[in-house]
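Student: I've got this model open, and I'd like to know what backs up the labels people put on it. Can we go through them?

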Amino acid sequence: MRFLLASLALLIASPVLAQNEDLGTAPPVGGEVETVPTPGDGDEDGGLSVNVSFEGSLDDLQLAIPAFAAERDVATAANAQGTAALGAELARVITADLQNNGLFAPTGPDALPKPNYPQITDPVWNMWRMRGAEMLVQGYVRPRADGKLVVGCYLYDVALNDELARSGWVVPPSDWRRAAHKCADLVYSRLTGESPFFDSRIAYIAETGPKDNRTKRLAIMDSDGANHRFITTGRATALTPRYSPDYRKLMYLSYVDGNPRIYIYDIGTGRQTLVTESSNPTFAPRWSPDGRWVLYSMAVNGNTDIYRVSANGGPSERLTDAPGIDVGGSYSPDGGRIVFESDRSGAQQIYMMNADGSNQRRITFFGGRAATPEWSPRGDQIAFTYIPGDFNIATMSPDGKNFRKLTDGWQDEAPTWAPNGRILQFFRTERNTGRTAIYQVDLTGENLRRLPTPVDASDPAWGPILP
């Protein structure tokens, strides 16, 4: 009987255009960045080399990133002072990206000589060796007749006098930072062997107001906190955003009229559609890896279960039916399994089930409570909130083994993965104040930093690499 009532409560018609009274101005969204050939003496495959002279830990690597050279210093909409000043800004963003991930300690453009345009493809090797540089990142910025910018990026091994990697991109002036992030991704991937993640964006909940009456708005920003935009006005509470697998949409939970509704917001058009709504408490919507399904949790008659609904709307299917609270489902990258949180054993723990709800079993047995599981995009680990007393961020393998605690805050929760599965973001609440902020930490647990946001921030969701 309970299942029938829940199913009836969730039956809805085809998705309709949601009311937009809580939406702000649609944010500008750049298109795909065009990759272009770059001049140089490297190999035809883009200059990739199998030889790297550096040996040791990356934080000992002497990495020099001088200002990018301008073919000619002309006016550009990207920088009021012209393309020469923009070249320095490009190098500063690349330096910050590589420094803030904790693996590198680069020297940026403000402490280095600026190469001229011909030297970008013909470095002055002896000068850089005398300065102690082991690796060198150089580049250029060149305006096109159509107003767009061509940005080239080169990575050199100074000891070997060798080019390791190079690439170039065409961007509109408003997207110049994306070219810098792509250059940082090129360097990071070549030197670490890991997938890139800098050219990505983060959605989160922007919080303002007193502790007991917070206004919560949906906001997005670049991975380094730049290009911040509010999506909703705050008239309705917004919660738990998540990017679609193709980055083009954002899903979030909103209480427009006091009732929970799951919306999908199209980033390109600024329009949103209603997926499902109910008068029952609803939590934690999550995408399936193929973007076809939405997982969410809903409380009916005091029992909270996990449901699945098409991203296009329609009737919902209940996947769990155990007494207690089942919440926070996260799909495996292949879509075959779901990890979720449940208190059916008497306290919050992490459980696993097949995508159809079968074979439900507990996987955490290391003491303390465990909540908000999130599957790594690589599939090798699950991040979660570990609660031995305080709230911390931890990881484990999908079988519940290889537990590792990464943070030691008072209240750290709701982890979200970088696109490469090697960095985590989460939000931290200050004791006694209720103030919240977004932090990130790598899988060593040693490189912790706070991300800049204009207001308090919670519920981060890291999107995929941009097209």
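Tutor: Sure, here come a few labels and the reasoning behind each; keep in mind that this is a predicted model.

Student: What makes Cys153 and Cys183 a disulfide?

Tutor: The sulfur atoms of Cys153 and Cys183 sit 2.1 Å apart. The cut-off is within 2.5 Å, so the pair counts as a disulfide. The structure holds one disulfide.

Student: Which parts of the chain does the pair link?

Tutor: Distant ones: Cys153 lies in strand β5 (residues 149-157) and Cys183 in helix α4 (residues 176-192), 30 residues apart.

Student: Why is the disulfide called right-handed?

Tutor: Look at the torsion about the S-S bond of Cys153 and Cys183: it is about 60 degrees, so the disulfide is right-handed.

Student: How do you know whether Cys153 is buried or exposed?

Tutor: Buried means under 20% relative accessible area. Cys153 has 0% relative accessibility, so Cys153 counts as buried. Cys183 comes out at 1%, and therefore counts as buried too.

Student: On to the sheet. What makes β18 and β21 edge strands?

Tutor: The open sheet has four strands in the order β18-β19-β20-β21, with antiparallel pairing. Strands β18 (326-331) and β21 (361-362) each pair on one side only.

Student: And how do you know that β19 and β20 pair?

Tutor: Count the bridges: pairing takes at least two, so strands with that many qualify. Strand β19 (residues 337-342) and strand β20 (residues 349-354) have six, in the antiparallel sense. As a spot to check, Glu341 stands opposite Ile350 in β20.

Conventions. Residues are numbered from 1 along each chain as its sequence is written. This is a predicted model: local features need pLDDT of at least 70, side-chain atom pairs count only at pLDDT 80 or more; totals for chains, interfaces and linings use all residues. Side-chain values use heavy atoms; hydrogens and water are left out. Helices (H or I, at least four residues) and strands (E, at least two) are DSSP runs, numbered from the N terminus. Buried means under 20% relative accessible area, exposed over 50%, partly exposed in between (1.4 Å probe, protein chains only).
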